[in-house]
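Q: Could you show me how to read a protein model, one feature at a time, with the general idea before the particular case?

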Amino acid sequence: MSGVVVVGAAESRQLGVVKDQSAMSLATSSALDALSQAGLTLADVDGVAAVMPVVEFAYALGVSPRWLDGTNVGGCSYMLHVRHAVAAIERGDASVVVIGHAESNRSQVGAQPLPFDRSSMQGQFDLPYGASGTFARLTLNAMAYLDAYGLGEADLAEVPVAQSRWANRNPRATRPELLTVEDVLASKMIAWPFRILECCPLNDGGGALVLTSAERARDLDLAYRPVTVAGSGEASEGGSAMFMENLTSFGAFRESSASAMRSAGVTHADIDHLMMYDSYAHLPLIGLEDLGFVGRGEAVNFIRGGATSPGGALPMNTNGGGLLYAHTGMYGMFALQEAVRQLQGCAAAQVEEVETSLVQGIGGMWGAAGAVVLQRG
Amino acid sequence: VSGRALPVPTPETQTYWDKAAEHELWLPKCADTDRWFFPPRERSPFTGGEVIWRRASGRATLASYVINHRPAPGYEGIGPYVIAIVGLEEGPRLISNLLDIPAEPQALQIGMKLEVTFENRGVITVPQFRRAGGETGA
């Protein structure tokens, strides 16, 4: 268990379609809100991490950091930022770290263009085959998973159905409607077997976390109780669905989650809240199995039986998830924000007595994974 | 087909694309262990040793797929199309479209037998797959 805590966590006040704020402004305003929760100011910040150009982010904030982390491994980068910030704070390389995030992929206000390198491995061997979006790339292994366990399209639909019970309680959710399997199957086809309700929406938005030592946090006037970063893990595998050693399991999920739980000194029985990255509906299925919460091929029945829904044994994606709450292109910050809120006791759909939360992210096209165990106090 | 994305070879992958232009599928192997691997790399991912290139059988099975309803540039006007992961007989997997097979779930069985064919995109020829036993030439 580390001696580093989250003392501020804020999402951008605007989320969804935001035409009057740039990505940078969504990130800086989130950072200021997160700092104010901790009774801190920009003058206290000496460490900055971001996926967006981190030097520009620090400069926009008006901070001269002595520690920078611009790690970009896709949507789970924020879990890696948390992990790296913990190490920096424990080593004394930084005392107050701001991790910022924002994207304007929907409205394209000050948005960074997505790189497309035609000589990269994906540019040579993946993108030439008509992959028009992540919905035709990250999803590529789903049929192998469904086929391996005799599952079908109605089974995949159980993921958004269960998560709609959370989204329905969240006034900020992009897709707040309660869903049935029939609703999901009747929604627009995007890339068989994925309907639009099994693919994340594309929003503008951002968020920021503020981390410092537990020792320093004791002297701060905190708006919410601190949340301890108990453990973390990071890993990578191949960078494309075709490079996975096994199409139904992701090595980086297995490695990063095991590392996070081991370093936190917790077991599955201790985890009472899970944020499982879900830009597409098959990710929670493979994730629940790779993280070891259920056996191989059992995730659908676990979800269908209500275990991850309100009142269930393992509340999962309690903001509605990337599928129904919000997704800006890289979702990891929002998964972390929801876990922090649950541990602070201020979530929109608050679960009773959450002590330990596991946040599992994925980055790129089955490329990287990052996991963080957060605990109350 | 015009408008489709064109891969840009690198020194590590040049043999793959040169052979594809001759309508042959060649893959890298580890010289030390004789194991096939993909994607191509300068050194063997198994031993760090030398890489040799050999012609692959072109035989594969369907490992996974989506049927994409949102066309990429160059794929407009053909209706939904399959983007598949195919498992080569030699072990490595490739991404491919499936030619001459209806883009319908009923027509697509995981494990069905496929064979390589080639699609000319002008400056470059890309390997593609179709049902095994199809006509030659593309």
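The dialogue below goes through the chains, some backbone features, some individual residues and a pocket.

Q: What kind of model is this, and how are residues and chains labelled?
A: This is a predicted model, in which local features need pLDDT of at least 70 and side-chain atom pairs count only at pLDDT 80 or more, while totals for chains, interfaces and linings use all residues. Residues are numbered from 1 along each chain as its sequence is written, chains are lettered from A and ligands numbered from 1 in the order in which they are written, and side-chain values use heavy atoms, with hydrogens and water left out.

Q: How many helices and strands does chain A have, and what does its radius of gyration say?
A: Helices (H or I, at least four residues) and strands (E, at least two) are DSSP runs, numbered from the N terminus. Chain A has 14 helices and 11 strands. The radius of gyration is taken over C-alpha atoms, and the globule rule is 2.2 Å times the number of residues to the power 0.38. For the 377 residues of chain A that rule gives 21 Å, and the chain has 19 Å, so it is as compact as a globular protein of that length. Its C-alpha atoms fill a box of roughly 55 × 45 × 35 Å along the principal axes.

Q: What are the corresponding values for chain B?
A: Chain B has one helix and seven strands, in the order α-β-β-β-β-β-β-β along the sequence. Its radius of gyration is 15 Å, which agrees with the value near 14 Å that a compact globule of 138 residues would have. The C-alpha atoms of chain B fill a box of roughly 45 × 30 × 25 Å, taken along the principal axes.

Q: What share of each chain is buried, and what share of the contacts is between residues far apart in sequence?
A: Buried means under 20% relative accessible area, exposed over 50%, and partly exposed in between, with a 1.4 Å probe and protein chains only; contact means heavy atoms within 4.5 Å. In chain A, 65% of the 377 residues count as buried, and residues 24 or more positions apart account for 74% of the contacts with a separation of 6 or more. In chain B, buried residues make up 50% of the 138 residues, and the share of contacts, on that definition of separation, is 49%.

Q: Why is helix H11 of chain A described as largely enclosed?
A: Helix H11 (residues 282-290) of chain A has nine of its nine residues buried, so the rest of the structure largely encloses it. Among the buried residues are His282(A), Pro284(A), Glu289(A) and Asp290(A). Just after H11(A), Gly292(A) takes a positive phi of about 90°.

Q: Which backbone features should I look for in the loops?
A: Cis peptide bonds and positive phi values are two such features. The bond from Trp192(A) to Pro193(A) is cis, with omega near 5°, and Pro193(A) lies in the loop between strands E5 (189-192) and E6 (194-195) of chain A. In chain B, a cis peptide bond joins Phe38(B) and Pro39(B), with omega about 5°; Pro39(B) lies in the loop between strands E1 (26-30) and E2 (51-55). Trp366(A), a residue other than glycine, has a positive phi near 55°, and is buried, with a relative accessible area of 0%. His23(B), also a residue other than glycine, has a positive phi near 60°, and is partly exposed, with a relative accessible area of 36%.

Q: Is Thr125(B) buried or exposed, and which residues does it contact?
A: Thr125(B), in strand E7 (residues 125-131) of chain B, is buried, with a relative accessible area of 8%. Leaving aside neighbours within four places in sequence, its contacts include Trp17(B), His23(B) and Phe118(B).

Q: What lines the second largest pocket?
A: A pocket is an open set of points on a 1 Å grid over the protein atoms alone, where a 1.4 Å probe fits, with protein on both sides within 12 Å along at least five of seven lines; lining residues have an atom within 4 Å of a point. The second largest pocket is lined by 15 residues, of which Trp36(B), Phe37(B), Phe38(B), Phe46(B) and Pro92(B) lie nearest its centre.
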